[in-house]
Amino acid sequence: RLIKEGAKLVEHADDILEELPPYLRENGGILEGVQMSLLGEAGSGKMPELNAEEKQLLEHIGYQPSLLEEIIRLSELSSSRANALLFDLEMKGFVRQLPGKYFVKTQ
């Protein structure tokens, strides 16, 4: 069943990185994003800045799990835009995705 749904065998971290969009893999994009979320802006210890859309979306996510569809409905963003922003927020360390397409605020 999992294979029919598109599951892939993961033996190494590279197997996961292969599934990411090219813009995140090129020039260390994913690694730079993770470093920024761990170190803050330019290693200064400050948290990364949020743009207006990220702030708007974050307002609809609490410390209790929120279902992706509910976040999209409340934010009035398109599904694709909300997913992209949630990924950015996750890389910056502001949200965490839970099983079942639930998201929680981390700070």
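Trainee: Let's start with Ser 75: in which element does Ser 75 have its place?
Mentor: Happy to begin there, and keep in mind that this is a predicted model. Ser 75 is one of the buried residues listed for the stretch 68-75. That stretch, and so the place of Ser 75, is helix α5.

Trainee: Is Ser 75 buried or exposed, judging by its relative accessibility?
Mentor: The cut-off helps here: a residue is buried when its relative accessible area is under 20%. Ser 75 has a relative accessibility of 2%. Ser 75 therefore counts as buried.

Trainee: Which backbone oxygen does the side chain of Ser 75 reach?
Mentor: Look first at what surrounds the residue: beyond four places in sequence, Ser 75 is in contact with Gln 56, Leu 57 and His 60. The side chain itself finds a partner at 3.2 Å. That partner is the backbone oxygen of Ile 72.

Trainee: Why do the buried residues of α5 lie on the same side of the helix?
Mentor: The buried ones are Leu 68, Ile 71, Ile 72 and Ser 75. An α-helix has 3.6 residues a turn, so residues three or four places apart point the same way. The four buried residues of α5 sit on the same side because the arc they cover around the axis is only 100 degrees.

Trainee: Which elements are included in what covers those buried residues of α5?
Mentor: The cover comes from helices as well as strands. Among the helices are α4 (52-58) and α6 (79-91). The strands included are β1 (66-67) and β3 (102-105).

Trainee: Which residue just after α5 takes a positive phi?
Mentor: Most residues other than glycine have a negative phi. Here we are in the loop between α5 and α6, at a residue that is exposed because its relative accessibility is 72%. Its phi is about 60 degrees although it is not a glycine, and the residue is Glu 76.

Trainee: Where does His 60 lie?
Mentor: His 60 touches Ser 66, Ile 71, Leu 74 and Ser 75, leaving out residues up to four places away in sequence. With a relative accessible area of 25%, His 60 is partly exposed. Its location is the loop between α4 and β1.

Trainee: How many Å apart in space are His 60 and Val 104, C-alpha to C-alpha?
Mentor: In sequence, 44 residues separate His 60 from Val 104. In space, the C-alpha to C-alpha separation is 10.0 Å.

Trainee: Which element gives the largest share of the largest nonpolar core?
Mentor: That core has 15 residues, and those with the most contacts inside it are Leu 57, Leu 58, Ile 61, Leu 86, Leu 89, Val 95 and Phe 103. The elements giving two or more residues are α4, α5 and α6. The largest share, four residues, is from α6.

Trainee: Which residues does Leu 89 touch, not counting those up to four places away in sequence?
Mentor: Leu 89 is one of the residues with the most contacts inside the core. Its partners include Leu 50, Glu 54, Leu 57 and Leu 58. The list is completed by Phe 94 and Val 95.

Trainee: Which strands stand at the edges of the sheet?
Mentor: The open sheet has three strands in the order β1-β3-β2, with antiparallel pairing. An edge strand has a single partner strand, so one side of it is left without a neighbour in the sheet. The edge strands are β1 and β2 (95-98).

Trainee: Over how many bridges do β2 and β3 pair?
Mentor: For β1 and β3, the antiparallel pairing runs over two bridges, and Leu 67 stands opposite Tyr 102 in β3. On the β2 side, Gln 97 stands opposite Phe 103 in β3. The antiparallel pairing of β2 and β3 covers four bridges.

Trainee: Which residue in the turn of the β2 and β3 hairpin has a positive phi of about 85 degrees?
Mentor: Three residues lie between the two strands of this hairpin. In the loop between β2 and β3, Lys 101 has a positive phi of about 65 degrees although it is not a glycine. The residue with about 85 degrees is Gly 100.

Key
Residues numbered from 1 in each chain as written. Predicted model: local features only at pLDDT ≥ 70, side-chain atom pairs only at ≥ 80, totals over all residues. Heavy atoms only, no water. Buried < 20%, exposed > 50% of the residue type's maximum accessible area, 1.4 Å probe, protein only. Arc of directions from axis to C-beta. Contact = heavy atoms within 4.5 Å. Core = buried A, V, L, I, M, F, W, Y, C linked by side-chain atoms within 4.5 Å. Polar contact = N/O pair within 3.5 Å; in protein donor to acceptor, adjacent residues only side chain to side chain. Pairing = 2+ DSSP bridges.
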